[in-house]
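Student: I have a new structure open and I'm not sure how to read it. Could you walk me through some features?

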Amino acid sequence: MRRTVLVLLALALPVAGVVAALFLPGIAPPRGVSDSGRTINEIYWVAFGLSALVFILIEATLLAFILRFRHRRDTPEGFEGPQIHGNTRIEIIWTLIPAALLLGLTIYTFMRVPDVEATPPASGETLEIEVTARQFYWQYEYPNGAISYDVLYVPVDQHVTLLLRSTDVAHSWWVSEITGKRDAIPGRTNRINFRATETGRFEHGVCGEFCGTQHTRMTTEAHVLGAEEFEQWLADNEPPLADDATVALGETQWAAACAKCHGLAGEGGYGPPLAGNTTLVNADALRQLLNEGQDLEGNPGYMPPVGRGWTDEQIQALIAFVESSADLAPEGSR
Ligand code: CUA
């Protein structure tokens with residue numbers, strides 16, 4: 001009876017492990033929706049499967065030995081087992097097998113790297129998108145000058161290259177369904193390539209590098225659109241923008257660059273309340289503040305230069321949104 005329970009337990013553990021691996025978040029990686037995303041998942045499962053196999057074999061052997069050589073009722077008191085010193089053949093075997101497994105895994109991984117890199121073919125069109133990371137949001141700029149914040153728009157089935165830059169500290173771009181992560185580092189441009197093969201909104205994007213107090217809010221998502229839908233989006237957002245599109249852009253700017261610290265309605269929170277602050281509608285003062293941030297002596301508050309390098313159009317978009325907002329606009333500015 002006790003033996004049956006033990007055997008059942010020993011069988012149930014690996015089964016539970018496999019079920020957990022397949023269905024629980026945190027063990028299984030998110031589904032890949034690009035060539036590189038799927039390849040990363042494939043490498044993950046091969047490495048996981050191999051490790052699981054080794055784990056089960058070793059634990060099963062350990063259990064078998066514990067049971068086989070346990071203390072029995074008829075074992076004499078003070079009994080000593082045979083004292084064995086070395087066994088060259090077994091030692092060679094248990095060195096060679098792991099070495100061969102690791103070498104195989106290494107070769108397999110290196111062979112899959114080109115698919116993860118997804119280098120676009122020399123011929124054919126590649127869409128290049130300029131990505132600027134700032135504390136604490138992502139700015140995407142498209143070839144026709146269109147801009148989006150925290151939401152990346154890309155067409156399906158097309159090679160895309162992101163040119164990653166940072167104007168302050170190190171960040172890391174990462175939308176796990178799309179592909180792996182890549183750092184955005186001040187002073188250099190990093191590239192990451194992918195080709196999404198499914199339309200949809202992929203919302204698991206995060207900043208993968210600790211970059212300051214609001215690092216956890218530096219999220220991003222990728223919207224993969226059909227080719228025509230994407231062209232339409234580009235056309236709708238091509239500057240110069242119409243008035244309502246300018247306000248809409250300013251609103252996404254506010255949500256990305258300001259609201260994470262100052263609140264959506266400027267009510268404050270991490271940063272001081274901003275509702276009604278006249279700097280919000282004074283282009284020169286606003287430009288200086290966004291470019292330089294604020295680090296006053298004797299004042300514990302620090303504001304990063306959230307709009308370093310913003311164009312006049314970007315500053316005007318923010319002002320247009322503030323002026324349109326009943327919550328934020330200073331008195332008399334609407
Ligand atoms: Cu940007 Cu963490």
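Student: Which residue in β10 is the bridge partner of L152?

Tutor: That's A222. Keep in mind that we're looking at a predicted model. The pair belongs to a wider pattern, since β4 and β10 run parallel and are joined by five bridges.

Student: In which sense do β9 and β10 pair, parallel or antiparallel?

Tutor: Antiparallel, over four bridges, with β9 covering residues 200-207. To find your place there, look for G205, which sits opposite T220 of β10.

Student: How many residues of β10 are buried?

Tutor: Six of the six, from 220 to 225, so the rest of the structure largely encloses this strand. Look at which way the side chains go: T220, A222 and V224 point to one side, E221, H223 and L225 to the other, and all of them are buried.

Student: How many residues of β8 are buried?

Tutor: Four of its five, so we call β8 (residues 190-194) mostly covered. β8 runs antiparallel to β5, and five bridges hold that pairing. One spot to check is T161, whose bridge partner in β8 is N193.

Student: Let's try helices. How are two packed helices described?

Tutor: By two things: the angle between their axes and the distance between those axes. Here, take α2 (residues 35-68) and α3 (residues 88-117): their axes come within 9 Å and cross at roughly 170°. Because of that angle, α2 is roughly antiparallel to α3.

Student: Which residues of α2 and α3 meet?

Tutor: On the α2 side they include I40, I43, V46 and L50, and on the α3 side they include L101, L105 and Y108. Sorted by class, the contact has 10 nonpolar, three polar and four charged residues.

Student: Now the inside. Which residues have the most contacts inside the largest nonpolar core?

Tutor: I129, Y142, L152, L162 and W173, in a core of 35 residues. You've met L152 already, as the partner of A222 in β10. Try clicking on Y142 too: leaving aside neighbours within four places in sequence, its contacts include I129, I147, V151, L152, F230 and W233. There is also a second, separate core of 23 residues, with Y149, L290, V306 and A317 among them.

Student: What about odd backbone spots? Where are the cis peptide bonds?

Tutor: Check omega. One cis bond joins Q135 and F136, with omega about 10°. F136 is in the loop that links β1 (126-134) to β2 (137-141). Another cis bond runs from P239 to P240, with omega near 0°, and P240 is in the loop between α4 (227-236) and α5 (243-262).

Student: And phi? Which residues other than glycine have a positive value?

Tutor: Two examples are D150, with phi near 65°, and D157, with phi near 60°. D150 is in the loop between β3 (147-149) and β4 (151-155), while D157 is in the loop between β4 and β5 (159-166).

Student: Is D150 buried or exposed?

Tutor: Buried, because its relative accessible area is 13%, and the cut-off for buried is under 20%. D157 has a relative accessible area of 49%, so D157 is partly exposed.

Terms used:
Residues are numbered from 1 along each chain as its sequence is written. This is a predicted model: local features need pLDDT of at least 70, side-chain atom pairs count only at pLDDT 80 or more; totals for chains, interfaces and linings use all residues. Side-chain values use heavy atoms; hydrogens and water are left out. Axes are lines fitted to C-alpha atoms, for helices over the stretch in contact, and angles run from 0 to 180 degrees between N-to-C directions. Helices (H or I, at least four residues) and strands (E, at least two) are DSSP runs, numbered from the N terminus. Angles under 35 degrees count as roughly parallel, over 145 as roughly antiparallel, 65 to 115 as roughly perpendicular and the rest as oblique. Contact means heavy atoms within 4.5 Å. Ala, Val, Leu, Ile, Met, Phe, Trp, Tyr, Cys and Pro count as nonpolar, Asp, Glu, Lys and Arg as charged, and the others, Gly among them, as polar. A nonpolar core is a set of buried Ala, Val, Leu, Ile, Met, Phe, Trp, Tyr and Cys residues joined through side-chain atoms within 4.5 Å. Buried means under 20% relative accessible area, exposed over 50%, partly exposed in between (1.4 Å probe, protein chains only). Two strands pair if DSSP finds at least two bridges between them.
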